[in-house]
Amino acid sequence: MMSFIVDNLNDMHAALQKFVEYLRGSGLDEDDVFFSRLVGCELITNVIRHCGEEARFMGGVDGDNVVICVSSDGAKPFKLCTDLPDLLAESGRGLYIVNAVCDGDIVFSGEGVTAKVKIRGARVNG
């Protein structure tokens, strides 16, 4: 499990690169690494853009899933979505992508969101 805090999109990419290295070190194949990074990127971007605050990230491998939790610092509450958007929605396409990648395994709570990315590839050295 690893965690970090970012307050701008430029720093997000460097922080996510460390997460990518952690996932590769855990034996995930490149497809699973790609989809996990994509989910982390979309969720962090949503917090920074819509809450205007720091995004707190926690992610790790838990059994057959990569579990990613992203929250705001609480100064401006993370808006809970009762319905995830569809493909043709005017906004929310990032959450649509996250929902599709996670096969709907997303939980909104408090000021954050937890998403599980199913590990589909063979583990290399995990």
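**Exercise 1.** How many residues does helix H2 have, and what distance does it reach from its first C-alpha to its last?

*Solution.* Before we start: this is a predicted model, where local features need pLDDT (the predictor's confidence in each residue, from 0 to 100) of at least 70, side-chain atom pairs count only at pLDDT 80 or more, and totals for chains, interfaces and linings use all residues. Residues are numbered from 1 along each chain as its sequence is written, and side-chain values use heavy atoms, without hydrogens and water.

Step 1: Helices (H or I, at least four residues) and strands (E, at least two) are DSSP runs, numbered from the N terminus. H2 covers residues 30-51, which makes 22 residues.
Step 2: The expected span is 1.5 Å times one less than the number of residues. For H2, the 31 Å reached is close to the 32 Å expected.

**Exercise 2.** Look at both ends of H2 and describe them.

*Solution.* Step 1: At the start, a side-chain oxygen of aspartate 29 comes within 3.2 Å of the backbone nitrogen of aspartate 31.
Step 2: Just after H2, glycine 52 has a positive phi of about 65 degrees.

**Exercise 3.** Which element gives the largest share of the largest nonpolar core?

*Solution.* Step 1: Such a core joins buried (under 20% relative accessible area, 1.4 Å probe, protein chains only) Ala, Val, Leu, Ile, Met, Phe, Trp, Tyr and Cys residues through side-chain atoms within 4.5 Å.
Step 2: This core has 33 residues, and Phe4, Phe19, Val39, Leu43, Ile44 and Ile68 touch the most other members.
Step 3: H2 gives the largest share, 8 residues.

Key:
Polar contact = N/O pair within 3.5 Å; in protein donor to acceptor, adjacent residues only side chain to side chain. Buried < 20%, exposed > 50% of the residue type's maximum accessible area, 1.4 Å probe, protein only.
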